[in-house]
Amino acid sequence: ACSDAEQSTNSTAAAPTDNSPTTIDIAEQALAYSEHGDFPVGVTTLQLAKGPKVEIWYPAAAGTSGTETYDMRDFVGEGIRAILTGDAPSTYSYPAGRDALLADGSFPVVLFSHGVAGMRLQSSFLTSNLASWGMIVVSVDHPSRALENFLTGTATGDGGDSVDDMLRGLELITTLGADATSRFNGHVDAEKVAAVGHSAGGGTVLAAAADRRIDGYVSLASGVFRGGPAVEGATTTTAPLPGKPSFFIGGSVDALASFATLTQPAFEA
């Protein structure tokens, strides 16, 4: 979300030779990263000491190949899965090599937080794409609002617990980056960390972004007003540290997380 003045400012840049303004096509820039980057993608599944599973996508060594497929029916529990006898598509596939070696280099970290009735794999189209551009993406299951618990009425809705999940995920990848026995050893740039959250996950990243280790955050279809939580999962009553970069994205026809009354005001605050 940005104002017309900001859009105008961002649409020109000084040329390196004569300082004359050069027009930049914002739509073209926005699509620049929509395709996969130069890195093949690796993926691995770990687990926090407190219980939740963690999916990690990362830039993999040259030559890595493979396809990852997951089935949403595997995330609803045995009782509910038994009654899902229809033939509606429930799987999603994307290119990635399971437990592949990492590419050479040190890579920044992106933390991802899913929304209500979601799970750690829900946005693999996005998380795997970020990995292909040279980022290590860490997504933790949030039992407090996970799909299985939501459907069985056991989700607590504890926003503080989801923030703790996310920060423990950061601690996990940071520890692995310094562990000589880990595939991530020497590949984690823990000085460059961003957080991305969808829906209730947007509230989670907004709260987590108060942590000094997180450099900036992206809120998708979400927002929190200054003065009190405005979305499930938020635990902060004020905005994160002043000056911390943020990017709020919302849909103009979103009937649940209204852009006009939720996302835009949160961005302005």
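**Helix H4, Asp165 and two aromatic pairs**

Me: Which residues of helix H4 are buried?
Reply: This is a predicted model, where local features need pLDDT of at least 70, side-chain atom pairs count only at pLDDT 80 or more, and totals for chains, interfaces and linings use all residues. Residues are numbered from 1 along each chain as its sequence is written, and side-chain values use heavy atoms, without hydrogens or water. Buried means under 20% relative accessible area, exposed over 50% and partly exposed in between (1.4 Å probe, protein chains only). In H4, a helix being a DSSP run (H or I, at least four residues; strands are E, at least two; numbered from the N terminus), the buried residues are Ser124, Thr127, Ser128, Asn129, Leu130, Ala131 and Ser132.

Me: Is Asp165 buried or exposed?
Reply: Asp165 sits in helix H6, residues 159-177. Its contacts (heavy atoms within 4.5 Å) include Leu48, Val140 and His142, leaving aside residues up to four places away in sequence. Because its relative accessibility is 0%, Asp165 counts as buried.

Me: How are the ring planes of Tyr70 and Tyr92 arranged?
Reply: Rings of Phe, Tyr and Trp (its six-membered ring) pair if their centres lie within 6.5 Å; planes under 30 degrees apart are stacked, over 60 edge-to-face, the rest tilted. Across the whole structure there are 7 aromatic pairs. Tyr70 and Tyr92 have centres 5.9 Å apart and planes at 55°, so the pair is tilted.

Me: How many residues apart in sequence are the parts that Phe248 and Phe267 tie together?
Reply: Phe248 and Phe267 form an edge-to-face pair, 6.1 Å between centres and 65° between planes. Phe248 belongs to strand E12 and Phe267 to helix H8, so the parts tied together are apart in sequence by 19 residues.
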